[in-house]
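Work through the exercises below with the structure open. Try each task before reading its solution.

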Amino acid sequence: MVQAVVGANWGDEGKGKITDMLAEKADIVVRFQGGANAGHTIVNNYGKFALHTLPSGVFYSHITNVIGNGVALNIPLVVKEVQEIVDRGVPMPKLLISDRAQIVMSYHILFDQCEEERLGGKSFGSTKSGIAPFYADKFSKIGFQVSELFHEELLADKVQRICDLKNPILEHLYHKPALTPEALLEELHTYRDMVKPFVADTAAFLYNAVKEGKIVLLEGQLGSLKDPDHGIYPMVTSSSTLAGYGAIGAGIPPYEIKRVVTVSKAYSSAVGAGAFVSEIFGDEADELRRRGGDGGEFGATTGRPRRMGWFDCVASKYGCRLQGATDVAFTVLDVLGYLDEIPVCVGYEIDGEVTTDFPTTALLEKAKPVYETLPGWKCEIRGIKKYEDLPENCRKYIEFVEKHIGFPITMISNGPGREDIIYRDVK
Ligand code: GDP
């Protein structure tokens, strides 16, 4: 049985925690898209970890972790991440890397940096991890697939092509030193030796595992609104963040994905540029940022302060719909316990008309939030295990959101730990 754990919003919804929690009863955890440009924060009995490329199952010895073909694979970073968790006492994880995954090269990172510099104030707010240039090359068919590392004759020819193509831009647009085929070959040889112990035909492995009845978790990065097709284009990421893409990025039949756990945070946060309708500013935002998540809302990869906002029903309804949510996991609800009143964005006003449908980007830029304000519950809810034991105003908040998004909230996360979860039967 395959389940996906994906984000309804802009990312940072707490997917890592939910995956780590569901992994207890799973056999395999798969990353199917994205790269080391975002992070999952996980708190467990080994400590607090920020994972960037490793699947969130690496803390369990019964789990096989898979980096699927859809991922932007930064080989030295993956190897470093494995080393870092092992150094902190976690047993060596079982890790398989797809032979069809493609490799983030040093020049992808260089191009990402150069382009953000060139754009200056009009930049995308990229994390400069090379993700956009990587995917551009993949679809221009000039990327390096892991399998190719083991075919020397192929590499020699390809590095020359890369130099011919990239050097004019590097020299004339960015005024940087040219790439050399020798340096690229050396880089590829280093990657080959690093990745070799992990390489496998992961799609075949997963197909057989599903046939044997194993439980597979597909772990998404970022959220629906960062999807290149359905998100806030062009302020999106470069690979699909949707559960449906899990079938492609992991190489499994789409009909095997039976459950789509869509994670949505009880308030909003976003990183990078782009319209963010329910954004808040000043002291109000600073306080929510400081109290948010587990130790503040700052990027797990970059440390950048996240943009903050109230819960957005319009964006979340859309985000859940695109994911095909079977379950919504509503996270970080404990953080809101300090507020007397909690505004919730229930509509967008665009050119004088109110809508609850999420628009395309040009219209989104004009949207103004329509708020309803709910009373707060003014107490600590961490430690509560049963839905009925939550304060009445807290339950009302959950049920209000559920009604507006139109998808069932079956899990409520009231703390960063694995055990901080309330299951809810939704009839
Ligand atoms: P992800 O990328 O979707 O996994 O999200 P992040 O890891 O960037 O952000 C989630 C943050 O919130 C992490 O610091 C988690 O430890 C923390 N977190 C997750 N669920 C909860 C929760 O229910 N309550 C609190 N207080 N923190 C949580």
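A polar contact is a pair of N or O atoms within 3.5 Å; within protein, one must be able to donate a hydrogen and the other to accept it, and residues adjacent in sequence count only if both atoms are side-chain atoms. The model is predicted: local features need pLDDT of at least 70, side-chain atom pairs count only at pLDDT 80 or more, and totals for chains, interfaces and linings use all residues. Residues are numbered from 1 along each chain as its sequence is written, and side-chain values use heavy atoms, with hydrogens and water left out.

**Exercise 1. The ligand**

Task: find the polar contacts that Gly14, Asp334 and Ser413 make with the ligand, then describe the surroundings.

Solution.
- Start with the backbone. An N or O atom of the Gly14 main chain is 2.9 Å from a ligand oxygen.
- Go on to side chains. Asp334 places an N or O atom 2.7 Å from a ligand nitrogen. Ser413 has a side-chain N or O atom 2.5 Å from a ligand oxygen.
- Check burial. The ligand alone exposes 590 Å², and the protein buries 97% of that (Shrake-Rupley method, 1.4 Å probe).
- Look at the shell. It holds 21 residues, and Lys15, Gly16, Thr41, Asp334 and Ser413 come nearest (near: a heavy atom within 4 Å).
- Sort the shell by type. There are 4 nonpolar, 9 polar and 8 charged residues (nonpolar: Ala, Val, Leu, Ile, Met, Phe, Trp, Tyr, Cys and Pro; charged: Asp, Glu, Lys and Arg; polar: the others, Gly among them).
- Assign elements. α1 (15–22) and β3 (40–44) each give two or more residues to the shell (DSSP runs numbered from the N terminus: helices H or I, at least four residues; strands E, at least two).

**Exercise 2. The sheets**

Task: which strands are the edge strands of the 10-strand sheet, and why do β12 and β13 each have one side without a neighbour?

Solution.
- Write the order: β9-β7-β5-β2-β10-β1-β11-β16-β20-β21, an open sheet with mixed pairing (two strands pair if DSSP finds at least two bridges between them).
- Read off the ends. β9 (199–200) and β21 (421–423) pair on one side only.
- Test one pair. β16 (327–331) and β20 (409–413) run parallel over 3 bridges. Val328 has Ile409 of β20 as its bridge partner.
- Turn to the open sheet of 3 strands, β12-β14-β13, with antiparallel pairing. β12 (268–270) and β13 (279–280) are at its edges with a single partner strand each, so one side of each has no neighbour in the sheet.
- Follow β12 inward. It is joined to β14 (307–309) by 3 bridges, antiparallel. Ser268 has Gly309 of β14 as its bridge partner.

**Exercise 3. Backbone exceptions**

Task: where is Pro234, and where is Asp12?

Solution.
- Recall the rule. Most residues other than glycine have a negative phi, and most peptide bonds are trans.
- Take Pro234. It lies in the loop between β10 (216–223) and α8 (243–250). The bond joining Tyr233 and Pro234 is cis, with omega about 5°.
- Take Asp12. It is in the loop between β1 (2–7) and α1. Asp12 is not a glycine, yet its phi is positive, about 60°.
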